[in-house]
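Student: I would like to take a close look at a single part of this protein. Could you please choose one strand and describe its setting, and then place that strand within the wider chain?

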Amino acid sequence: MVEAAEDLPVKAAQRKRGLSTGPDAPRPRPLSPAQRRRRLLLWATLEKRRSQALPVSGPEKIQTLRGRLLGREVAIVCASESHEDAINLTRSKSIPEEELGWVSVPCNGRGLDLRKATSKKNKVTFAVAKKWAESVITEDSYSAESEDEDVGAWFVFEPLANEPKGKGTAYVLPSKIGLSSKHKLSPDTIVYKWDDLDEQARCFNQRRLSGEGVPAEEHLALIAERKKVCLEQGFELFDDWLIRQATCQQVRVEVVLEAPVAAAEVELHREPGLRSAPPGHDCLRKIELDSDEDSDEDDDPGDGTGSFLEYLYHRLRLALPPEQLHGVDPRELGCDNDPSTYDAFQSLVSKPLPRDAEETLLEKLGAGAALQAMELPTSPLLKPAVMRRQRRQWRRARRLQNRPQPVPSWEAFFGVAAEILYHSPVVKADYTPFLAKCVRSPEALQNFFEKLYFGTLPEALSHVCLDEETRCFARTRSLAYLPSEQKTAALMRRPDDQGLVPIKAAPLDAYLKARGSQPARTWVSGLVKQLELSGAHEIVKAARAWYLDSAKQLLAHAKGDGSGDYFVAFLRQAHRDIYDDIDVRDPEELAKKTWVSSKSHPNSKKHRHDLQNIRIPNFKQAFSELLSFDAEAGCATRRQRVLSKILVDAFQLRLVDLAAILKMASITASAAKDERLVFVLYAGADHTANIVKFWTSHGFSFHGDVVGKDDWDEDESRCLNLPTHLHNFDELFPVQ
């Protein structure tokens, strides 16, 4: 028996190397008794680990790279973010899709306007009525022809007083009708809502939908409680697997996360003798007020606070030492809304930052508040959704009002482009004045960003014109509003942006820089300097070439980036009539189409929209359009505004990828010559794809198969069965 057991690891190794394991196969050199015991112990340990390894839920896919970097053996485990909420991954069998059903709703003296019912059934029992209502809901959801159609979500059963066998009248009402004290129901009326049957998830999402901020500690505790059921069902979340690997492996493990950069890596730089930004030019003040238009995301609780990525970040901050966790997303540097991160950056401010000159001007003038432009929907059914959105905005503004002003950074000044392009297009901000009056050419813009992220701040600023005459254009949003249609109008106070545009002016006088850098460098450029000092010039050269080439490719494509996000943003601003009449829920597929059906005439070929000739201007063409901007004539056009954001965002979109590449190289450069390193990268799928592409073009190769996939259906379990090398990192070495 002992000899048979000894043969197990030997034969397994031979099979792995493609060697024969038959009776005539060559035998390796005999092992000493101590070597036999160690090998048997290792084999038994690995077998036990294999049998106990649980499927992991979190990433949409995982791929592993191996190679040599700066003379060290390095493995990179790349996990792609699925953009699911953490609570959805803890549902039964880790299937994110909600299980919907009828949930009893206490009315508390409120009711529904039954005259607005979409369906009604008389003289039925409660049991029959409930089944009938469910059939109405499911039929309506399948027959809905566009994302704007509403399906019934309220079920009301009103018993008839003199009817035998408990019969009554059943109603199904649209989901966007809210409970109101104006429409009280009889005490014995039963009200149900078609909603999530998972009570914890339902209550959590209702709080987020109402605009209530759920503290990170409470979110962590909720997920920890739900994990107990996950373990009973036979799977674990990615954070538990990652913490175990990061703390229990023999090799060095470093975690790189698409998360805020640590405040300890930067410091506040104040430029001596330079005053703060002056008030913005009138062309910025004349931009229309933020709109409050209807959105198909009104009932979507997703606000970023419940995402698995954010959950993972908070979980790892508590479980791992700071030096092992590396946030590489600088786009909100100094301005992240997370309280702990925000406070850490505030601690870098030794004396108060100067007050915004526009705030001082508005107070001096006693400017009144401008009323926000509300694009109210025509249907009264949608007005409750608008009111809910306004309540969310009010609660968010109240949470932020007592905070000190954010610590400025160049990264945050440009990083907001993505927010107002993709997520909050109703918030009005514009880079056109800055690009047209301060940058002035596409070559200057490219040189500026190259020096900003690979050189020093003085080198970057040498490529733009920011003097007393042009600094008033170096803003993206004004606190003041000047109605363009009134020639003698007084300045008014623009409504608050709820922190979505935290840095409104180019921060020449004070900004965050890489700790210890002199002359001042941005945080990313600080990583570049570290690598240059360690002699890793080739990596820096390759990263610079890749970064600039990536930005050029983004700006050369007629439909924008591969995700379709640029194309949809361009449609919204430059071709609004088409945008409002087509289905834009899948930007990637939309950008590939030549013809798209009309929502208002879905069955008519005559009313189809031709997208073939709608193209985003390339880099030089777009900049040429911006140079035609006349500041004295008023604000930029909507087309100019969206083009300016795309030009800026193209140089920020790859910033996370660049930072991750430089951070891995910097950590490797500081390691001992014979040290083996494993990096676990967790970031969005687009980021991981670019990082994988970079490293595979520089000598790294794939190890094992890809686990998971790019596209998942909502009703699929997200559990991934990991290979043995992801439970035992020793199997990743030696690198061949």
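Tutor: A residue counts as buried when its relative accessible area is under 20%. The model shown here is predicted, and the part chosen is strand S3, residues 72-81.

By that cut-off, 10 of the 10 residues of S3 are buried, so the strand is largely enclosed by the rest of the structure. In a regular strand the side chains alternate between the two faces of the sheet. In S3, Arg72, Val74, Ile76, Cys78 and Ser80 point one way, while Glu73, Ala75, Val77, Ala79 and Glu81 point the other way. The residues of both sets are buried.

Next come the partners of the strand. Strand S2, residues 59-69, pairs with S3 in the antiparallel sense over 10 bridges. Within this pairing, lysine 61 stands opposite serine 80 of S3. S2 and S3 form a hairpin with 2 residues between the strands, and leucine 70 in that hairpin takes a positive phi near 55°. S3 is also joined to strand S18, residues 677-684, by 8 bridges, and these two strands run parallel. Here tyrosine 682 in S18 has alanine 79 opposite.

Other strands may be read in a similar manner. Strand S8, residues 190-196, is mostly covered, with 5 of its 7 residues buried. It runs antiparallel to strand S4, residues 100-104, and 5 bridges join the two. In this pair, leucine 100 stands opposite aspartate 196 in S8. Elsewhere, 3 strands form an open sheet of mixed pairing, in the order S9-S1-S21. Strand S9 (236-237) and strand S21 (719-720) are the edge strands, each pairing on one side only. Strand S1, residues 56-57, pairs with S21 in the antiparallel sense over 2 bridges, and valine 56 has leucine 720 in S21 as its bridge partner.

Burial is found in a helix as well. In helix H14, residues 432-439, 7 of the 8 residues are buried, among them Phe434, Leu435 and Cys438. The cover over these buried residues includes helix H8 (282-285), helix H13 (410-423), helix H15 (442-454), helix H22 (619-627) and helix H23 (638-653). Arginine 440 follows H14 and has a positive phi, near 80°.

A single residue offers a further example. Alanine 480 lies in strand S13, residues 480-481. Its relative accessible area is 3%, so alanine 480 is buried. Alanine 480 touches Arg285, Glu358, Leu362, Leu491, Met492 and Arg494, with residues up to four places away in sequence not counted. The C-alpha atoms of alanine 480 and alanine 367 are separated by 8.6 Å, although the two residues are 113 residues apart along the chain.

Finally, the chain as a whole gives the setting for S3. The protein chain has 25 helices and 21 strands, and 51% of its 736 residues count as buried. Of the contacts with a separation of 6 or more, 81% are between residues 24 or more positions apart. The chain exposes about 34900 Å², and carbon and sulfur atoms supply 50% of that area.

Terms used
Residues numbered from 1 in each chain as written. Predicted model: local features only at pLDDT ≥ 70, side-chain atom pairs only at ≥ 80, totals over all residues. Heavy atoms only, no water. Pairing = 2+ DSSP bridges. Helix = DSSP H or I, 4+ residues; strand = E, 2+ residues; numbered from the N terminus. Buried < 20%, exposed > 50% of the residue type's maximum accessible area, 1.4 Å probe, protein only. Contact = heavy atoms within 4.5 Å. Areas by Shrake-Rupley, 256 points an atom, 1.4 Å probe, with all protein chains shown as cover.
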